[in-house]
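Biologist: Please give me a close look at the aromatic rings of this protein, and set that part in the context of the whole chain. I am new to reading structures, so a slow and connected account would help me most.

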Amino acid sequence: MSEAIVASQAPGTDLAFVPGASGARQFWRRLRTQRAALVAAGVVALLVLLALAAPLLTAIEGQDPTTYHPSLIDSARGGVPVGSFGGVSGDHWLGVEPQTGRDLFARLVYGARVSLGVALGATVVQVLVGVVVGVAAALGNRWIDQLLSRITDIFVAMPLMIMSLALLAIVPSSFPRPLLVALVIGLIAWGNTAKIVRAQTLTLKGLDYVSAARLSGWNTWRIARRELLPGLAAPVITYAALLVPMNISAEAALSFLGVGVKPPTPSWGQMLTAANVWYQAAPQYLLLPAGALLVTVLALTVLGDGVRTALDPRAASRLRVGTGRKREAKADADSKKAAADVDSEKAATDVDSKKAATGASVNADASANKEAKA
């Protein structure tokens, strides 16, 4: 197939056709024109690098996320860290945790591993289940479509937080908690992905190349694998990029409610839970994980918007940052000024033409009168 369909599920977008051989290069070229998306990609890459390099960074600092340091805690003041800025020093780069004295930098970078890992794992589960259910519903007969669509509606209507609280509360504590949180979020929140995939698959089924593959005798599985899945890649990737920050927020909320990742395993949500009573005595204990969550979610959201726009170049980006709007306004003003100049020149030319025509008519009349007199 010489062309691959690239589409976005954002409202108001259309299908765009990109040559398959150069699709990746065109995508990268379009993404490079969006400065906000590039900055967001750099921030996400830095966060992932910090999470992967957490053991190395904590070894350089000489700390770990679970060791208590009671000598760095002022018990007379209720467990507040000794020293300024929460106990910041050469041995503890971001200070220590109130009451326990655990190193905040070590817990923050190890918490990034848990939070990002849970979010990515949940996104993978959502995409896999959503793609399978959506494609099966679109390619199945009327009864299969109705059954899978009703099941999808049930999962879409499920409140994520309530169902997660119920499931996480009854699972034995011996089960790995980060893996459990990722599975629960992914297995509950796949409904919207399935709806998007089903709608896009129904659109692709009516295209000529899919009909030709069906008439050539290909079975349903081969048509789905060779013809439909490449066309589904763009909307699925776009939606997955937006699911990651949503799943990070869900993991943080579950940990904040006390049913997510359990101590001593660090996560940003679990750190926020422990910091809710220390925002006055030790504000850095609250601000550090909250700021990390804010930066991560914002960067992933902007990156997801950039990926959506790059995959569908005819869809205008929802984010207008930098000097783009000023450049557009200046371009509009220049085009209007050029059009006004053209109109004025045309009007001046018309006036000159009329004057010339009037002068020629007067001269002709005068010549005719002279000839008549003669």
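Modeller: The accessible surface of the protein comes to about 20400 Å², and carbon and sulfur atoms account for 65% of that area. What you have in front of you is a predicted model, with 13 helices and 4 strands in the protein. Of its 374 residues, 40% are buried. If you take the contacts between residues with a separation of 6 or more, 69% of them join residues that are 24 or more positions apart.

Before turning to details, it is worth asking how confident the predictor is. The mean pLDDT of the protein is 81, and 78% of the residues reach 70 or more. Over residues 1–21, however, the pLDDT is below 50, although this stretch has 51 contacts in the model beyond its near neighbours in sequence. Residues 316–323 also stay under 50, and for them the model has 14 contacts beyond four places in sequence. Where pLDDT is low, the predicted coordinates should not be read in detail.

Now to the rings themselves: the structure holds 2 aromatic pairs. One of them is formed by Trp-93 and Phe-105, whose ring centres are 5.0 Å apart and whose planes make an angle of 55 degrees, an arrangement that counts as tilted. Trp-93 lies in the loop between strand S4 (80–81) and helix H4 (104–139), while Phe-105 belongs to helix H4 itself, so the pair ties together parts that are 12 residues apart in sequence. The two partners can also be described by their cover: Trp-93 has a relative accessible area of 35% and is partly exposed, whereas Phe-105, at 13%, is buried.

Phe-155 and Trp-190 make up another aromatic pair, also tilted, with 4.8 Å from centre to centre and 40 degrees between the planes. Here distant parts of the chain are linked, 35 residues apart, with Phe-155 in helix H5 (residues 142–157) and Trp-190 in the loop between helix H7 (177–188) and helix H8 (191–205). Phe-155 counts as partly exposed because its relative accessibility is 23%, and the cut-off for buried is under 20%. Trp-190, at 6% relative accessibility, counts as buried.

Rings can also have a charged side chain over them. Arg-142 lies over the face of Trp-143, at 4.7 Å from the ring centre, and Arg-222 is placed over the face of Trp-218, with 4.1 Å to the ring centre.

From the rings we can step outward to their surroundings, beginning with the loop residue His-69, which sits between helix H3 (54–61) and strand S3 (73–74). His-69 counts as buried, because its relative accessibility is 17%. Its side chain is joined to that of Gln-63 by a polar contact of 3.2 Å, and one of the polar atoms in the side chain of His-69 lies 3.4 Å from the backbone oxygen of Thr-67. Leaving out residues up to four places away in sequence, His-69 touches Gln-63, His-92, Thr-100, Gly-101 and Arg-102.

Helix H8, which follows the loop that holds Trp-190, contains Thr-201. Thr-201 is buried, at 0% relative accessibility, and its contacts beyond four places in sequence are with Val-135, Ala-138, Leu-139, Leu-228 and Leu-232.

Another loop, the one between helix H10 (220–256) and helix H11 (268–275), holds Gly-260. This glycine is buried, at 1% relative accessibility. Along the chain Gly-260 and Arg-177 are 83 residues apart, yet their C-alpha atoms are separated by 7.0 Å. Arg-177 is among the residues that Gly-260 touches, together with Val-181, Leu-254 and Ser-255, when residues up to four places away are not counted.

Finally, Val-307 lies in helix H12 (residues 283–311) and is buried, with a relative accessible area of 9%. Beyond four places in sequence, Val-307 touches Phe-27, Leu-31, Ile-237 and Thr-238. The C-alpha atom of Val-307 is 9.9 Å from that of Pro-235, a residue 72 places away along the chain.

Notes. Residues are numbered from 1 along each chain as its sequence is written. This is a predicted model: local features need pLDDT of at least 70, side-chain atom pairs count only at pLDDT 80 or more; totals for chains, interfaces and linings use all residues. Side-chain values use heavy atoms; hydrogens and water are left out. Helices (H or I, at least four residues) and strands (E, at least two) are DSSP runs, numbered from the N terminus. Buried means under 20% relative accessible area, exposed over 50%, partly exposed in between (1.4 Å probe, protein chains only). A polar contact is a pair of N or O atoms within 3.5 Å; within protein, one must be able to donate a hydrogen and the other to accept it, and residues adjacent in sequence count only if both atoms are side-chain atoms. Contact means heavy atoms within 4.5 Å. pLDDT is the predictor's confidence in each residue, from 0 to 100. Rings of Phe, Tyr and Trp (its six-membered ring) pair if their centres lie within 6.5 Å; planes under 30 degrees apart count as stacked, over 60 as edge-to-face and the rest as tilted. A charge sits over a ring if NZ of Lys or CZ of Arg is within 6 Å of the ring centre and within 35 degrees of the ring normal. Accessible areas come from the Shrake-Rupley method with a 1.4 Å probe; for residues, only the protein chains shown count as cover.
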